[in-house]
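Biologist: Could you take a close look at one part of this model, the stretch where the strands of a sheet are covered, and then work outwards from there to its surroundings? I would like one connected account, with the reasoning behind each assignment of burial.

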Amino acid sequence: MNVLINASNIKVGGGLQVAISLIESLLLDSRGLNLYFVVSEPIFRQINIPELKRDRVFVFSMDVKKLLNLSSIIFKMWGIERKYNIDVVFSVFGPNFWKPKKAVHLIGFANAWVVDPDNRAYSAYSMPKKIISKLKNYVLGFTLFNKNSHYITETNAVKDLFCKYFACSNKQIDVVGNCVSPHFNSLRTERVESLDIIKKVKFLTVSHNYPHKNLSVIGRVGKMLDKLDVDFVFVITFPHDEYAAMGDDFKRYTYNLGPVDIADCPAVYNSCDALFLPTLIECFTVSYLEAMATNKVILTSKLPFAYEICGDDALYFDPYDINSIYATLRYFLVEAAPKQNISNKLQSSYNSRLARFSDNEFRTDSYVDIIKKQFRRGCDIVQK
């Protein structure tokens, strides 16, 4: 069976972590598949490719904002499908604005905006931006869904939303849960020197500067926390040009590391004190699992998906209410952190929670099982 793993459209965010872990696992163990890979430049830079498999990895960075680039990549992808007689394409996350001509198409899905158009998160936008965003997500949904494709998402809650929105059978989408990167499985305790010299309580957010991450609240909540007799800083990972464009209030309370490679994430977590994630909407975020793996307190939005992952082992706030965010962070700074006992109490509970999630090898095996199932389905359709 000839399979193409397509990650040409993945450049940042949680999707990058999933794609890198999956591709590295398959490069080491193909699970009986004849594999080819199309990856973006950020993925190519971070993966280890065995010498004997370098001719199976193609580097294309799909950019939907550049029509000539998009057209060129589409034709290159069709060329690979034809040349290597591809049976199944697994697009790790869609949409990618390309679909194979003959191969069965399996597509990962992790965009809650698309299937939840009435989500409260839109209320944070101005009316013009709200209209533009809803139109954009409608187009993404239109581009993503095809009745002949098959899909994979990370939670049953999102699967239900997907089936309802697209009016499709629940047999058209499978669920494969996320997991912490293999880089977190070792007992390494290295730290980030530039962070260790900052003698403040450090709140960490490893994220691209997406609007739904709601990180613009940092400037306002920072002013409120300033009244406390505690030194603190928010550690973020924005591209340096995006950070330069942020306002002075935001910069006053933040330290920007710039984008962090997956392999360096454990050291970044080890150098900080707590995870801060005021998100408005998600399908899943591996940041919670990463915080658990490094025994860091989780301060996050009180949303159903977050509680499904963290249960009672996080400190929650209303992400739309600055006073609620302040109260939770104040509790951590003034009452919890100084006593240095909250993380100790969480450690055993974190271990129990992490045990409920699969590891990367199990997740990869689950993807491969679905690929094989869809190949058999494609063969059955051809025979009929």
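Modeller: A residue counts as buried when its relative accessible area is under 20%, with a 1.4 Å probe and protein chains only. What follows describes a predicted model, and that cut-off can be applied at once to strand β12, residues 297-301, which is mostly covered, since five of its five residues are buried. Strand β12 has a pairing on each side, and I take these in turn. To strand β11 (residues 274-277) it is joined by four bridges, and the two strands run parallel; within this pairing, Ala274 stands opposite Val297 of β12. Between the two strands the chain passes through helix α12 (residues 287-293), and this β-α-β crossover from β11 to β12 is right-handed. With strand β13 (residues 315-317), β12 shares three bridges, again in a parallel arrangement, and here Ser301 is placed opposite Phe317 of β13. The chain goes from β12 to β13 by way of helix α13 (residues 304-310), in a β-α-β crossover that is right-handed.

These strands belong to an open sheet of six, in the order β10-β9-β8-β11-β12-β13, with parallel pairing. Its edge strands are β10 (254-256) and β13, each of which pairs on one side only. From one strand to the next the twist averages 25 degrees. Helix α8 packs on this sheet, touching β9 (232-236), β10 and β11, and its direction makes about 165 degrees with that of β9. As general background, strands of a sheet pair through backbone hydrogen bonds, either parallel or antiparallel.

The nonpolar packing can be followed from Phe203. The largest nonpolar core has 58 residues, and Phe203, Phe234 and Phe332 touch the most other members of it. Helix α14 (residues 322-339) gives the most to this core, contributing seven residues. Once residues up to four places away in sequence are set aside, Phe203 touches Phe232, Val233, Phe234, Val235, Ala274, Phe276, Leu299, Leu329, Phe332 and Leu333. The Ala274 in that list is the residue that stands opposite Val297. Another core, of 33 residues, lies apart from this one, and Phe90, Val104, Ile370 and Ile371 are among its members.

Polar detail appears in the loop between β8 (201-205) and α8 (217-225), where Lys213 is found. Its relative accessible area is 9%, which is under 20%, so Lys213 counts as buried. The side chain of Lys213 makes a polar contact with the side chain of Glu282, at 2.7 Å. Leaving aside neighbours within four places in sequence, the residues in contact with Lys213 are Ser207, His208, Leu277, Pro278, Thr279 and Glu282. The loop between β8 and α8 also holds Asn214, which has a positive phi of about 65 degrees although it is not a glycine. Asn214 has a relative accessible area of 10% and is therefore buried. For comparison, most residues other than glycine have a negative phi, and most peptide bonds are trans.

Two further backbone details lie outside that loop. Arg31, in the loop between α1 (14-28) and β2 (34-39), has a positive phi of about 55 degrees although it is not a glycine; at 12% relative accessibility, Arg31 counts as buried. The peptide bond from Gly94 to Pro95 is cis, with omega near 0 degrees, and Pro95 is found in the loop between β4 (88-91) and β5 (104-108).

The model has a further open sheet, of seven strands, in the order β3-β2-β1-β4-β5-β6-β7 and with parallel pairing. Strands β3 (57-59) and β7 (173-175) stand at its edges, each with a single partner strand, so one side of each is left without a neighbour in the sheet. Neighbouring strands of this sheet are turned by 20 degrees against each other on average, with direction ignored. At the β7 edge, three bridges join strand β6 (residues 150-153) to β7, and these two run parallel; the bridge partner of Tyr151 in β7 is Ile173. Helix α6 (residues 156-166) packs on the sheet there, touching β6 and β7, and its direction makes about 170 degrees with that of β7.

Conventions
Residues are numbered from 1 along each chain as its sequence is written. This is a predicted model: local features need pLDDT of at least 70, side-chain atom pairs count only at pLDDT 80 or more; totals for chains, interfaces and linings use all residues. Side-chain values use heavy atoms; hydrogens and water are left out. Buried means under 20% relative accessible area, exposed over 50%, partly exposed in between (1.4 Å probe, protein chains only). A polar contact is a pair of N or O atoms within 3.5 Å; within protein, one must be able to donate a hydrogen and the other to accept it, and residues adjacent in sequence count only if both atoms are side-chain atoms. Contact means heavy atoms within 4.5 Å. A nonpolar core is a set of buried Ala, Val, Leu, Ile, Met, Phe, Trp, Tyr and Cys residues joined through side-chain atoms within 4.5 Å. Two strands pair if DSSP finds at least two bridges between them. A crossover is right-handed if, with the strands pointing away from the viewer, the path from the first strand over the helix to the second runs clockwise. Axes are lines fitted to C-alpha atoms, for helices over the stretch in contact, and angles run from 0 to 180 degrees between N-to-C directions.
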